[in-house]
Amino acid sequence: MIGTPRVHHRTIDSTNARARELAASGAPHGTLVTADEQTAGRGRQGRSWTAPRGRALLMSLVIRELDAGQALLPLAAAVAVCEGCEAMAPVACTIKWPNDVWIERRKVAGILIEGRPAEGWAVLGIGLNVSTTEEEFPPELRGSATSLMVASGISKLDPEKALGALLPALEARLSDTWEALLERWRRRDALQGEAVRWAGGEGVAAGVGDEGSLLVDTREGRITLDAGEVHLRR
Ligand code: BTN
């Protein structure tokens with residue numbers, strides 16, 4: 001069962017960093033590291049991830065057994081976070097490729113997967129804004145970030161409750177077939193048909209391919225983006 005064993009820290013540098021150490025020293029599949037607060041939370045593309053103490057679900061899972069391979073993990077995680085959020089609050093979640101979770105086009109959760117495929121493990125890190133208030137977001141993120149509480153108006157939400165909703169969704173999605181998962185992901189695709197830009201160009205997002213890459217129609221034809229960051233063109 002994922003989520004066991006679990007180590008909880010009041011304060012830690014990064015749950016992902018701790019989970020990586022545990023994985024490297026043989027921690028079993030499903031080992032969970034959570035924290036009330038991180039002092040050096042890590043985001044994608046070398047960015048940092050911050051959240052006020054006790055307001056976000058900060059978790060990292062050691063993943064070892066993936067029938068359909070590691071490629072499934074980012075898709076499964078994003079869909080599961082959507083499902084977990086929707087089980088807790090009356091919200092509708094979409095996914096901004098590759099795996100940001102949005103509510104009304106604002107980011108509610110981020111996912112950072114780090115791993116050693118050669119050693120057979122990955123660490124799935126999830127940061128989910130649960131009860132952060134609008135004022136608690138840094139000024140530069142207001143307008144582009146949200147929390148479950150802000151989006152739903154429900155104040156009785158806490159990270160522990162979110163964990164309780166998220167773990168069963170993750171367990172279910174991790175045992176999906178690739179086809180079933182792609183189908184679930186595609187139904188939540190926030191970029192489909194949208195004008196997008198990235199470091200190397202611009203175009204119109206045309207869904208995800210069978211390997212989970214982003215398809216984009218450009219003036220030169222359809223291209224495939226395997227990694228990186230895309231932005232909506234407004
Ligand atoms: C992103 O950039 O969108 C990914 C953010 C991932 C943040 C989470 S918080 C828990 C875990 N520990 C970390 O240091 N990062 C991830």
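**View 1. Residue T218 faces G221 across a strand pair.** In this predicted model, T218 stands opposite G221, a residue of strand β11. Zoom out a little and you see the two strands involved: β10, covering residues 214-218, and β11, covering residues 221-225. They run antiparallel and pair over five bridges. Just two residues sit between β10 and β11, and the two strands form a hairpin.

**View 2. The ligand and its polar contacts.** Start with T15, which has a polar side-chain atom 2.9 Å from a nitrogen atom of the ligand. Q38 also reaches a ligand nitrogen with its side chain: an N or O atom there is 2.9 Å away. With R42, look at the backbone instead, where an N or O atom lies 2.7 Å from a ligand oxygen atom. How much of the ligand's own accessible area does the protein cover? On its own the ligand has 410 Å² of accessible area, and the protein covers 99% of that.

**View 3. The shell around the ligand.** The ligand takes up the space of the largest pocket. Which elements give two or more residues to the shell? They are helix α1 (15-24) and the strands β3 (56-63), β6 (106-116) and β7 (121-129). Strand β6 hands over the largest share, with four residues. There are 20 residues around the ligand, and the ones that come nearest are S14, Q38, R42, R44 and K107. Sort the shell by class and you get 10 polar, six nonpolar and four charged residues.

**View 4. Two prolines that follow cis peptide bonds.** Close to the start of the chain numbering, T4 and P5 are joined by a cis peptide bond, with omega at about -5 degrees. P5 belongs to the segment before β1 (6-12). For the other proline, go to the loop between β4 (93-96) and β5 (100-103), where P98 lies. The bond from W97 to P98 is cis too, and its omega is near 5 degrees.

**View 5. Positive phi at Q45 and R105.** Here are two non-glycine residues with a positive phi value: Q45, where phi is near 55 degrees, and R105, where phi is near 65 degrees. Where in the chain do you find Q45? Look in the loop between β2 (32-38) and β3. R105 has its place in a loop as well, this one between β5 and β6.

Definitions and conventions:
Residues are numbered from 1 along each chain as its sequence is written. This is a predicted model: local features need pLDDT of at least 70, side-chain atom pairs count only at pLDDT 80 or more; totals for chains, interfaces and linings use all residues. Side-chain values use heavy atoms; hydrogens and water are left out. A residue is near a molecule or strand if one of its heavy atoms lies within 4 Å of it. A polar contact is a pair of N or O atoms within 3.5 Å; within protein, one must be able to donate a hydrogen and the other to accept it, and residues adjacent in sequence count only if both atoms are side-chain atoms. Accessible areas come from the Shrake-Rupley method with a 1.4 Å probe; for residues, only the protein chains shown count as cover. On a 1 Å grid over the protein atoms alone, a cavity is a set of points where a 1.4 Å probe fits but cannot get out, and a pocket is an open set with protein on both sides within 12 Å along at least five of seven lines; lining residues have an atom within 4 Å of a point. A molecule sits in a cavity or pocket if more than half of its atoms lie within 2 Å of its grid points. Ala, Val, Leu, Ile, Met, Phe, Trp, Tyr, Cys and Pro count as nonpolar, Asp, Glu, Lys and Arg as charged, and the others, Gly among them, as polar. Two strands pair if DSSP finds at least two bridges between them.
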